[in-house]
Structure formats: C-alpha cells, structure tokens
Amino acid sequence: MNTDKFDEIIKKKQCLKETFDGLMNHKMIKIEKNYVETEIEINKTHLQPLGLVHGGVYSAMAESAISYAATISQEGMWAGVNNNTDFIKSATEGVLLLKAVPIKLGKRSQLWQAEIFNNENLCARSTVRLTNLNNKWKK
C-alpha cells in the first residue's frame, strides 16, 4: 500500500472500504499521531454461533486500527507481526469502540495497546507488535 492511501484515510477519517475493514464495516473515528479510535456497529455477521461477538473481530479490529496509526505515527510502512488479545467481557449488540496508543515506538518495531469497549464495558484488550517493512520491500 502506498502512502497516498494513508493520506486518504487521514483526510476522510475512514478505513479503506475495499479491504477487510470494509467487510467488517470498520469505521475510523479519530486518527492522529500516537492515537487511533475506531468503531464497528455489531451485526449478525460479527457473531459466533452462540450469539457473541467472535474473538476474531476484536483481534482484527485492533490490528487494523493500530496498523493505520503506526504508519502515520512514524516514518515507514508498518505491519503487524504479533497480536495478543484478551477477551474480558462478551458483547452481543451495539457498538464496539476501540482506543489505542503506543507503548514503545522504535525504528524497527512498534508496540501498541488497544482497549475495546461496548457501551462503558471493557470487552477486550489487545497488544500488537508491528515491524517496519520499508527495508524489506526496497530492492
């Protein structure tokens, strides 16, 4: 992905519709250096067979939002290499709200933490490590 796409994300404050974010109906609320806030309105496609939001929704939401924020927070093209998500409280309806901030920003890797809420309830906490792909993609 080129940096023009990220300029589009920042200007329009929305995730790219032609990506997995569009499939999840993932929406950008706020993005700035060292902070991102996104949301997903829960629908039946987000649920597992017991009617709870599928754990993969929380994990994907965190990695995607953090990848966008990492790329505008520091020079480079950043991609997730590890995602650890703890599920704290189930959600079945409403809106999932993610808020993420960096823990450590380095030249080769970044570490971010996200918290995902449903109403005022903390549902999940994710820690995502990213690597800088700039050197890997240059020939």
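**Exercise 1. Where is Thr85 placed? Is Thr85 buried or exposed? Find its partners in the predicted model.**

Solution.
- Step 1. Locate the residue. Thr85 sits in strand 3, which covers residues 78-87.
- Step 2. Check accessibility. The relative accessibility of Thr85 is 13%. Buried means under 20%, so Thr85 counts as buried.
- Step 3. Look for polar partners of the side chain. One polar contact, at 3.2 Å, goes to the side chain of Ser59. Another, at 2.8 Å, goes to the side chain of Asn83.
- Step 4. List the contacts beyond four places in sequence. Thr85 is in contact there with Tyr58, Ser59, Ala124, Arg125 and Ser126.

**Exercise 2. Describe the largest nonpolar core. Which element gives the largest share of this core?**

Solution.
- Step 1. Recall the general trend. Nonpolar side chains tend to be buried together in soluble globular proteins.
- Step 2. Count the members. The largest nonpolar core has 29 residues. Val36, Tyr58, Leu96 and Leu98 touch the most other members.
- Step 3. Assign the members to elements. Two or more residues each come from strand 1, strand 2, helix 3, strand 4 (95-105), strand 5 (109-118) and strand 6 (121-132).
- Step 4. Pick the main contributor. Helix 3 gives ten residues, the largest share of this core.
- Step 5. Take Leu96 as a worked case. Beyond four places in sequence, Leu96 touches twelve-strong company that is best read as a list: Thr38, Glu39, Ile40, Ile42, Val53, Val57, Tyr58, Met61, Ala91, Ile116, Phe117 and Asn118.

**Exercise 3. Compare the span of helix 3 with the expected value. How many of its residues are buried?**

Solution.
- Step 1. Work out the expected span. Helix 3 has 19 residues. The rule is 1.5 Å times one less than the number of residues, so helix 3 should span 27 Å.
- Step 2. Compare with the model. The end C-alpha atoms of helix 3 are 27 Å apart, which agrees.
- Step 3. Check the cover. Of the 19 residues, 15 are buried, so helix 3 is mostly covered.

**Exercise 4. Take Lys44 and Leu52. In which loop is Leu52 found? How far apart are the C-alpha atoms of Leu52 and Ala91?**

Solution.
- Step 1. Place both residues. Lys44 lies in the loop between strand 2 and helix 3 (55-73). Leu52 is found in the loop between strand 2 and helix 3 as well.
- Step 2. Classify each one. Lys44 has 72% relative accessibility and counts as exposed. Leu52 has a relative accessible area of 27% and is partly exposed.
- Step 3. Look across the sequence from Lys44. Glu93 is 49 residues away along the chain, with a C-alpha to C-alpha distance of 8.8 Å.
- Step 4. Do likewise for Leu52. Ala91 is 39 residues away along the chain, and the C-alpha atoms are separated by 5.8 Å.
- Step 5. List the contacts of Leu52 beyond four places in sequence. They are His46, Leu47, Ser90, Ala91 and Thr92.

**Exercise 5. Examine the backbone of Asn25 and Asn34. What is the phi of Asn25?**

Solution.
- Step 1. Recall the background. Most residues other than glycine have a negative phi.
- Step 2. Read the angles. Asn25 has a positive phi of about 65°. Asn34 has a positive phi near 70°.
- Step 3. Place them. Asn25 is in the loop between helix 2 (20-24) and strand 1 (26-32). Asn34 is in the loop between strand 1 and strand 2 (35-41).
- Step 4. Check accessibility. Asn25 is partly exposed at 30%. Asn34 is partly exposed at 29%.

Conventions: Residues numbered from 1 in each chain as written. Predicted model: local features only at pLDDT ≥ 70, side-chain atom pairs only at ≥ 80, totals over all residues. Heavy atoms only, no water. Helix = DSSP H or I, 4+ residues; strand = E, 2+ residues; numbered from the N terminus. Buried < 20%, exposed > 50% of the residue type's maximum accessible area, 1.4 Å probe, protein only. Core = buried A, V, L, I, M, F, W, Y, C linked by side-chain atoms within 4.5 Å. Contact = heavy atoms within 4.5 Å. Polar contact = N/O pair within 3.5 Å; in protein donor to acceptor, adjacent residues only side chain to side chain.
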